[in-house]
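Got your viewer open? Load the model below, keep a selection box handy, and follow along stop by stop.

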Amino acid sequence: MYTVLYLILILTTGQIRFRQIILTAVAATTDTASNELVKSRIENGRFINSFNSQYKLPHLGLVFIWKITSQGNTRLPSNKKELDKMLPVIRHKKSEELYLTKLGLRFIWIGHASCFVQMNSFRFLVDPVFSERCGIASFIGPKRFRPPALIINDLPDDLDAILISHNHFDHLDYSSVKELNKRYGERLTWFCGRGTRQWFLDKHVKNVVELDWWEEYHFSKKKVNIAFCPAQHWSGRTAFDTNKSLWGGHAVWDATHKFYFAGDTGYTHNISIFRQIGEKYGPFNLSAIPIGNYEPQWIKQAHHVSPDEAVQIHIDVQSKKSIGIHWGTWGLGNEYFMEPPVKLSKAVKINQLDPSSFIVVKHGEIFDLP
């Protein structure tokens, strides 16, 4: 039944993303006092959110009915000039403009979850997707309403690594992987969760490091450490590989700076995974935390955070400065497309935080920290 509904959703909507909206969870009641690090676990050949036994599938029939009967609320302008005014995209004509020439952190939001980061001399991308659509093919899936702020030819020649959070199409794109591999080959090191490496090998990407939650890798060439961190989400690219690979975020640190990329995640209200991340790897100088694609809540809440929950992650992981991502690129959620930064600002104020501690930036805007 689930496979049939899965295929119906794809054929009816033409949007692969909606075949992904199949998970939800009731409020968890797990003991918050435990200091033991959560572990990944496989049951019946598939990864599960081991720390939340109540994470479960909703009724796919209800998801299907909602999709074909609900009215869209994104209210995207049809006029490009209006979009350019509301969500400008800053382009950089020369790759030299991307270089941070002094010690520190540089962050550029490419769009959605795709970011360029430089930590001192270590340059890397997270979840790079440069394609027009995020789907199983170039003509299927949601279409961008904002172009990527950087394209592959804009990137510096000495890019070191790419960090992948999970294998959903808006985070792992075959065309982008193919073009990046064509340009850089084995000069790039790819990092991903357990069960994902074989996908890369099948696509002729050879230099791939597969990590479990809390597993660390020392990138000796740049004296940088990379760890894969737990998240509450799921994985899958077809009707048959759901949760066959592990999802998560990344912590990256060297002798002077720490960066956290949350990937795609729901907030674990009564479970301490983000506090565990903060205690083990924080405090972070900078974090990239999702703030969009959270409506409708009854479908999205288990595996995507609202701006209010994003602020709680910011607090839990002990982030000194955070930037909101996972919004303003594809209309994947049903919230008004400019709502996430407004709600973020309110949540920061409600939590009595410094307004500059958690912000959004323009596509392509260069954000530096010493």
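Which backbone oxygen lies 2.7 Å from a polar atom of the side chain of H92? Select H92 and G364 together: the oxygen belongs to G364. That is a polar contact, meaning a pair of N or O atoms within 3.5 Å; within protein, one must be able to donate a hydrogen and the other to accept it, and residues adjacent in sequence count only if both atoms are side-chain atoms.

Before moving on, some ground rules. You are looking at a predicted model, where local features need pLDDT of at least 70 and side-chain atom pairs count only at pLDDT 80 or more, while totals for chains, interfaces and linings use all residues. Residues are numbered from 1 along each chain as its sequence is written, and side-chain values use heavy atoms, with hydrogens and water left out.

**Stop 1: around H92**

Stay on H92, which sits in the loop between α4 (80–86) and β5 (105–111). Helices (H or I, at least four residues) and strands (E, at least two) are DSSP runs, numbered from the N terminus. H92 is buried at 9% relative accessibility; buried means under 20% relative accessible area, exposed over 50%, and partly exposed in between (1.4 Å probe, protein chains only). Add E97 to the selection, and you get a side-chain polar contact with H92 at 3.3 Å. To fill in the surroundings, show E97, L98, L150, D154, G364 and I366, which H92 touches when residues up to four places away in sequence are not counted. Contact here means heavy atoms within 4.5 Å.

**Stop 2: the annotated site**

Next, select H166, H168, H233 and D264, which an unreviewed UniProt entry lists under "binding site". They are spread over 99 residues of sequence, yet they cluster in space, with a largest C-alpha distance of 10.5 Å. A caveat on the record: UniProt positions are given in the numbering used here, feature names are shortened, and annotations may be inferred rather than shown by experiment.

Zoom in on H166, in the loop between β8 (161–163) and α5 (174–184). Its relative accessible area is 3%, so H166 is buried. Leaving aside neighbours within four places in sequence, H166 is in contact with H171, L172, H233, W234, W247 and D264. Its side chain also makes a 2.8 Å polar contact with the side chain of S165.

Now jump to H233, in the loop between β12 (224–229) and β13 (249–253). Is H233 buried or exposed? Buried, at 0% relative accessibility. Draw a distance from the side chain of H233 to that of D264, and you have a polar contact of 3.4 Å.

D264 has another partner to pick up: the side chain of H304 makes a polar contact with the side chain of D264, also listed at 3.4 Å. H304 lies in the loop between α8 (297–300) and α9, and counts as buried at 2% relative accessibility. Add N293 as well: H304 and N293 are 11 residues apart in sequence and 6.7 Å apart in space, C-alpha to C-alpha.

**Stop 3: the sheet**

Switch to cartoon and colour β11 to β17. This is an open sheet of 7 strands in the order β11-β12-β13-β14-β15-β16-β17, with mixed pairing. The edge strands, β11 (216–219) and β17 (358–359), each pair on one side only. Two strands pair if DSSP finds at least two bridges between them.

Pick out β13 and β14, which pair in the antiparallel sense over 4 bridges. They form a hairpin with 4 residues between them. To see the register, show W253, which stands opposite K258 in β14. The chain then crosses from β14 through α7 to β15 in a right-handed β-α-β crossover; that is, with the strands pointing away from the viewer, the path from the first strand over the helix to the second runs clockwise. β14 (residues 258–261) and β15 (residues 286–290) run parallel, joined by 3 bridges, and F261 has A288 as its bridge partner in β15.

Select α7 (residues 273–281) for its buried residues: I273, F274, Q276, I277, G278 and Y281. What covers them includes β11, β12, β13, β14 and α9 (307–316).

**Stop 4: the cysteines**

How many disulfides does a search of the whole structure find? It finds 0, a disulfide being a pair of cysteine sulfur atoms within 2.5 Å. Select C134 and C115: the sulfur of C115 is the closest cysteine sulfur to that of C134, but at 15 Å it is too far for a bond. C134 is buried, with a relative accessible area of 2%. Finish on C192, whose closest cysteine sulfur, in C229, is 15 Å away and too far for a bond.
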